[in-house]
Amino acid sequence: APDWSKVLIFFNGALTADKMRAERAVFQRWSWAKRFRHPVFCIADPVTLGENPIVLGWYLGKDGPNALPSILRPVLAAIRTRNPDAGIVGFGSSGGGFAAIGAALTGHLDHAIAVNPQTDALEFEHRGAVDSFLAMRKGVPCASDLKRYDLAAMKPEARVTYVQNLGGTHHRDVHYRPFRAHCEGSAQAGRFRFVEFSDHRAGHAPPGLDGLTRLIGDEWACLLTP
């Protein structure tokens, strides 16, 4: 896309074993890229690649507290080479939403848009994915709870748009409400926008591209081609 004033980075959520077998690397929502007026990068989580992959790792890595900064480093360097002033927008749902928010809270994004994210990776309702992640890390702790991140580490003008389906009761009660209360009780409350909708049939599944436009409004629509 021609407009490098902004660049989008998409993060993956949980993958399926069939998808991982069929493709060397999975890039969720790559089909959306042509709809944006700005360039799009899709990042595969390294723990979902190679030998003994797992379906979800929240971009936290096999060891150490948080692999996301090192994963982002070459992508951000490539963007800065093209336009040092580009605004960086991260997007993801579920585990990808965790990564998008985490990237904003650690000072790597100008705007994170997250849909039905986990805010504590280890509280994900699909326990098999959590167990596989913990087994891979062999008990080494990590930055799995976004409520423990330093909100003051965000870029000065950075913001987070958090979209939550209230029909997805686990994520509503375990992830969304505690994180919202944490943010709204902080000095950084004005950086967070919380968008709620209710679709019991969809549950945890995120809306499509146009559905997000209806929910989020101009701050999403302005990223798309007319």
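The structure, a predicted model, holds 16 aromatic pairs. In one of them, the ring centres of F10 and W32 lie 6.3 Å apart and the ring planes meet at 85°, so this pair is edge-to-face. F10 belongs to strand β1 (residues 6–11). W32 belongs to the loop between α1 (17–22) and β2 (40–43). The pair therefore ties together parts that are 22 residues apart in sequence. Both partners fall under the 20% limit for a buried residue. F10 counts as buried at 2% relative accessibility, and W32 counts as buried at 13%.

A further edge-to-face pair is formed by W58 and F133. Their ring centres are 5.3 Å apart, and their planes stand at 75°. This pair links distant parts of the chain. W58 sits in the loop between β2 and α2 (68–82), whereas F133 sits in helix α4, and 75 residues separate them. W58 is buried, at 1% relative accessibility. F133 is buried as well, with a relative accessible area of 0%.

Ring pairs also build a cluster, which joins F10, W32, F36, F91 and W220. The F10–W32 contact described above thus has both of its members in this cluster. W32 has a charged neighbour too. The charged end of R29 sits over the W32 ring, 5.4 Å from the ring centre.

R29 recurs in the surroundings of S93. S93 lies in strand β3 and is buried, with a relative accessible area of 8%. Leaving aside residues up to four places away in sequence, S93 touches G13, R29, V115 and P206. One of these, G13, also helps to line the largest cavity.

A search of the whole structure finds one cavity of 30 Å³ or more. About 40 Å³ of space lies within the largest cavity. Its lining is made up of N12, G13, L15, D45, T48, V55, L56 and G57.

Helix α2 contains L76. At 14% relative accessibility, L76 counts as buried. Its contacts, not counting residues up to four places away in sequence, are I9, I88 and H108. The C-alpha atoms of L76 and V7 are 9.7 Å apart in space, although 69 residues separate the two in sequence.

A contrasting case is G139, in the loop between α4 (127–137) and β5. G139 is exposed, with a relative accessible area of 65%. Its C-alpha atom and that of R191 are separated by 34 Å. Along the chain, G139 and R191 are 52 residues apart.

Helix α6 spans residues 209–216, and its buried residues are L209, G211, L212 and I216. These four cover an arc of only 155° around the axis, which puts them on the same side of α6. Their cover includes four strands: β3 (87–93), β4 (111–115), β5 (159–165) and β6 (192–197). Helix α7 (218–221) contributes to the cover as well. Strand β3, which holds S93, is thus among the elements that cover α6. Just after α6, G217 takes a positive phi of about 90°.

Backbone angles also single out two asparagines. Most residues other than glycine have a negative phi. N52 has a positive phi, near 55°. N116 has a positive phi too, near 45°. Their settings are as follows. N52 is found in the loop between β2 and α2, the loop that also holds W58. N116 is found in the loop between β4 and α4. Are these residues buried or exposed? N52 counts as exposed, at 71% relative accessibility. N116, in contrast, counts as buried, at 1%.

How values were computed:
Residues numbered from 1 in each chain as written. Predicted model: local features only at pLDDT ≥ 70, side-chain atom pairs only at ≥ 80, totals over all residues. Heavy atoms only, no water. Buried < 20%, exposed > 50% of the residue type's maximum accessible area, 1.4 Å probe, protein only. Helix = DSSP H or I, 4+ residues; strand = E, 2+ residues; numbered from the N terminus. Arc of directions from axis to C-beta. Contact = heavy atoms within 4.5 Å. Phe/Tyr/Trp six-rings, centres within 6.5 Å; stacked < 30°, edge-to-face > 60°. Lys NZ or Arg CZ within 6 Å of the ring centre and 35° of its normal. 1 Å grid on protein atoms, 1.4 Å probe; cavity = no way out; pocket = protein on both sides within 12 Å on 5 of 7 lines; lining within 4 Å. Points joined across faces, edges and corners; volume = space filled by probe spheres on them.
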